[in-house]
Amino acid sequence: MEEQIKGYAYGQVGQSPISIAELDLLKKTVMFTEADEKNLQLAGQVLKDQTNEILDLWYGFVGGNEHLLQYFSKDGQPNTFYLNAVRARFGQWIMDICNKPYDQTWLNYQHEIALRHHSTKKNKTDNVDTAPIIHYRYMTAFIYPITATIKGFLTKKGHDPETVEAMYSSWFKAVTLTVILWTYPYINKNEF
Ligand code: HEM
């Protein structure tokens, strides 16, 4: 399945500049433990058949905000091909953040996604000509909508409120951790 997603290069990218030891300390700092891994696996099952609805909601948010849509656009014209290509990889990411082990391969792909938001590699995967970088401020700002909007989807499969809360909290930690890794290219050398 995964191989059919255009531009999705999990396991086929360069090495992350962040070490596993540094990742472990970051995990510790966002209080991410084995319990979170289990909660995320459950979240993966809950979200699995809802990814289209989730993406509709997130794309609705981006599409409804000119200052966000411009990152998919050239001269004010959204690039539909680009929006769709990214959407497929975004759907895969929902499953990956829940199910993949956060090992060296995962770490490497986080760096690749970082480069794809940054001027280093933005537009290159899909060979498009849109805004050259996603500005740092929106990377971090996005933690909130990507987190807050998932809760409704986590409640859809009849889990008790405590379980939903546990999945939600683990999702929040995972998104925070991920976005930190994605901001590496934006930070001055030795300041990350
Ligand atoms: C790419 C998620 C912030 C616009 C992607 C991909 C994912 C993703 C999963 C595809 C990665 C891949 O190629 O495999 C997220 C998450 C964010 C975030 C979780 C923050 C929590 C933003 C923001 C924007 C944005 C703020 C601005 C509208 C884009 C664009 C691409 C992309 C344009 C394609 C980059 C390229 O040219 O390859 N994002 N994103 N993202 N995202 Fe984000």
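This is a short tour of a predicted model, one selection at a time.

**Stop 1: the annotated stretch**

Start by selecting residues 21-191. The UniProt record, an unreviewed entry, lists them as "domain: Globin-sensor". Colour by secondary structure and you'll be looking at 65% helix and 2% strand over that range. Now pick the C-alpha atoms at its two ends: they sit 17 Å apart.

**Stop 2: where α2 crosses α10**

Next, show helix α2 (residues 34-47) together with helix α10 (residues 161-182). How do these two pack? Their angle is about 105 degrees, and their axes are 8 Å apart. Angles from 65 to 115 degrees count as roughly perpendicular, so that is the label for α2 and α10.

To see who does the touching, turn on side chains. From α2, pick D36, N39, L40, L42, A43 and V46; from α10, pick A166, M167, S170, W171, K173 and A174. Colour that contact by residue class and you get eight nonpolar, two polar and two charged residues.

**Stop 3: α2 again, now with α5**

Keep α2 on screen, hide α10 and bring in α5 (80-99). Here the packing angle is about 150 degrees, with the axes 7 Å apart. The cut-off for roughly antiparallel is over 145 degrees, which is why α2 and α5 get that description.

On the α2 side, the residues to select are L40, Q41, A43, G44 and L47, and on the α5 side they are I94, M95, C98 and N99. Which classes turn up in this contact? It has six nonpolar and three polar residues, and no charged ones.

**Stop 4: the largest nonpolar core**

Bring α10 back for this one. The largest nonpolar core has 21 residues, and the ones touching the most other members are A43, L47, C98, L154, M167 and W171. Select those six and look at which helices they lead you to: α2, α5, α9 (151-154) and α10 each give two or more residues to the core. Which element gives the largest share? That's α10, with nine residues.

Now zoom in on A43. Leaving aside neighbours within four places in sequence, A43 is in contact with C98, L154, M167, S170 and W171. You have already met A43 in the contact with α10 and in the one with α5.

**Stop 5: out to α1**

Move over to helix α1 (residues 20-29). Just one of its ten residues is buried, so α1 lies largely in the open. Step just past the end of α1 to M31, which takes a positive phi of about 60 degrees.

**Stop 6: three asparagines**

Finish with three Asn residues.

- N108: look for it in helix α6 (residues 104-117). Is it buried or exposed? It has 18 C-beta neighbours inside 10 Å, so N108 counts as partly exposed. Beyond residues up to four places away in sequence, N108 touches V13, G14, Q15 and S16. Try a distance to Y8 as well: the two are 100 residues apart along the chain, and their C-alpha atoms are separated by 13 Å.
- N123: find it in the loop between α6 and α7 (136-141). N123 isn't a glycine, yet it has a positive phi of about 80 degrees. With 17 other C-beta atoms within 10 Å, N123 is partly exposed.
- N190: go to the segment after α10. N190 is another non-glycine with a positive phi, this time about 65 degrees. Only 5 other C-beta atoms lie within 10 Å, so N190 is exposed.

How values were computed. Residues are numbered from 1 along each chain as its sequence is written. This is a predicted model: local features need pLDDT of at least 70, side-chain atom pairs count only at pLDDT 80 or more; totals for chains, interfaces and linings use all residues. Axes are lines fitted to C-alpha atoms, for helices over the stretch in contact, and angles run from 0 to 180 degrees between N-to-C directions. Helices (H or I, at least four residues) and strands (E, at least two) are DSSP runs, numbered from the N terminus. Angles under 35 degrees count as roughly parallel, over 145 as roughly antiparallel, 65 to 115 as roughly perpendicular and the rest as oblique. Two residues are in contact if their C-beta atoms, placed from the backbone, lie within 7 Å. Ala, Val, Leu, Ile, Met, Phe, Trp, Tyr, Cys and Pro count as nonpolar, Asp, Glu, Lys and Arg as charged, and the others, Gly among them, as polar. UniProt positions are given in the numbering used here, feature names are shortened, and annotations may be inferred rather than shown by experiment. A nonpolar core is a set of buried Ala, Val, Leu, Ile, Met, Phe, Trp, Tyr and Cys residues joined through C-beta atoms within 7 Å. A residue is buried if 20 or more other C-beta atoms lie within 10 Å of its own, exposed if 12 or fewer, and partly exposed in between; C-beta atoms are placed from the backbone.
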